[in-house]
Amino acid sequence: MRTFVLLMCLAVGCLAQVPHTCRSPPLLTGALSVANEKFYANAKYTYDAMPKRIRFKEIGSYENKTFGVDALLLFREGVMYTINHRNKTCKKERLKREDFHPMEIPADAALLGQVILGSSSGPGQGLLVNTWYGEVATPSGEDKWMSTFTEFGCIPVSSTYYTDKTGWILTTFFNIVVGITDPQEFFPPKFCQDAKLDETAEAANFYSIFKNLTKYS
């Protein structure tokens, strides 16, 4: 029995020495924190990669002002709802479909290294993760990113993303559950049914969420 366990440990160790790019499970529920020099936010999120939809519920601060944001991003439909529960109103905007990025490490990413977060001294004391780096060509220049995902399960741990407009943005993921606990998260509330879509306005993206800040009293 000890020989079998030893062989299994050696096999797992050999596999872990050769990290591969990966894609996270398509259904995730969890929490995250987002920060750069100007804003900080904690959010609960629900993520569904198959129909390309995400729900964010955030509380944070931007330029010394506290805000709350409830946003539903429906990339396949090309629509984003910014929901104000206090006033029972919705803002409905066009959404850039191409801005949906699945939680994954793309095939052209460069491996920076594999480490154990925490300790390897005992069972359950550490987490084996891989950190990757990449660049993305855009019309305005070249964006840069660095992401850390778990070796087993391909679960996101943290990500930093740089653009000339935003600088470095750090996102940290935690309390993740594989699956969706409430499918109703992807449907706007009834009071959003009368929201009108402005077809002439510039299409929104993820960062547009922070342009629709709701002050708390």
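Which residue forms a salt bridge with K57, and how many Å apart are the closest N and O atoms? In this predicted model, the partner of K57 is E185, and the closest N and O atoms of the two residues are 3.3 Å apart. This pair links distant parts of the chain, since K57 sits in strand β3 while E185 belongs to the loop between β11 (167-178) and β12 (214-215), 128 residues apart. K57 counts as partly exposed because its relative accessible area is 38%, whereas E185 is buried, with a relative accessible area of 16%.

**The chain as a whole**

One helix and twelve strands make up the secondary structure elements of the chain, and reading along the sequence gives the pattern α-β-β-β-β-β-β-β-β-β-β-β-β. Of the 217 residues in the chain, 40% are buried. Among contacts with a separation of 6 or more, 49% are between residues 24 or more positions apart.

**Salt bridges**

The structure holds four salt bridges, and three of them are described here, including the pair of K57 and E185 that opened this report. The table gives the partners with the distance between their closest N and O atoms.

| Acidic or basic partner | Other partner | Closest N and O atoms |
|---|---|---|
| E104 | R23 | 2.7 Å |
| D70 | R55 | 2.7 Å |
| K57 | E185 | 3.3 Å |

The salt bridge of E104 with R23 joins two loops that are distant along the chain: E104 lies in the loop between β6 (89-94) and β7 (110-118), and R23 in the loop between α1 (2-16) and β1 (27-35), with 81 residues from one to the other. E104 is partly exposed, because its relative accessible area is 25%, while R23, at 53% relative accessibility, counts as exposed.

The salt bridge of D70 with R55 likewise links distant parts of the chain, here strand β4, which holds D70, and strand β3 (residues 53-62), which holds R55, the two residues being 15 apart. In this pair, both residues are buried.

**The surroundings of D70**

D70 is placed in strand β4, which covers residues 65-74. Why does D70 count as buried? The reason is that D70 has a relative accessibility of 5%, and a residue is called buried when this value is under 20%.

Two polar contacts are made by the side chain of D70: one is with the side chain of R55, at 2.7 Å, and another is with the side chain of H85, at 2.6 Å. Leaving aside residues up to four places away in sequence, D70 touches R55, F56, K57, Y81, T82, I83 and H85. This list includes K57, the residue that forms a salt bridge with E185, as well as R55, the salt-bridge partner of D70.

A71 is also in strand β4, and A71 counts as buried because its relative accessibility is 0%. The C-alpha atoms of A71 and E58 are separated by 8.5 Å, and these two residues are 13 residues apart along the chain.

**The cavity**

How many cavities of 30 Å³ or more does the structure hold? There is one, and the volume of the largest cavity is about 30 Å³. Its lining consists of T138, S140, G141, E142, D143, T163 and D164. Strand β9 (residues 141-150) gives the most to this lining, with three residues. Sorted by class, the lining of the largest cavity contains four polar and three charged residues, and no nonpolar ones.

**Two residues with positive phi**

Two further residues are described by their backbone angles. K52, a residue other than glycine, has a positive phi near 60°, and its place is in the loop between β2 (39-48) and β3. With a relative accessibility of 36%, K52 counts as partly exposed.

N175 is not a glycine either, yet its phi is positive, at about 50°. N175 is found in strand β11, and N175 counts as exposed because its relative accessible area is 62%.

Key:
Residues numbered from 1 in each chain as written. Predicted model: local features only at pLDDT ≥ 70, side-chain atom pairs only at ≥ 80, totals over all residues. Heavy atoms only, no water. Helix = DSSP H or I, 4+ residues; strand = E, 2+ residues; numbered from the N terminus. Buried < 20%, exposed > 50% of the residue type's maximum accessible area, 1.4 Å probe, protein only. Polar contact = N/O pair within 3.5 Å; in protein donor to acceptor, adjacent residues only side chain to side chain. Contact = heavy atoms within 4.5 Å. 1 Å grid on protein atoms, 1.4 Å probe; cavity = no way out; pocket = protein on both sides within 12 Å on 5 of 7 lines; lining within 4 Å. Points joined across faces, edges and corners; volume = space filled by probe spheres on them. Nonpolar A, V, L, I, M, F, W, Y, C, P; charged D, E, K, R; others polar. Salt bridge = Lys/Arg side-chain N within 4 Å of Asp/Glu carboxyl O.
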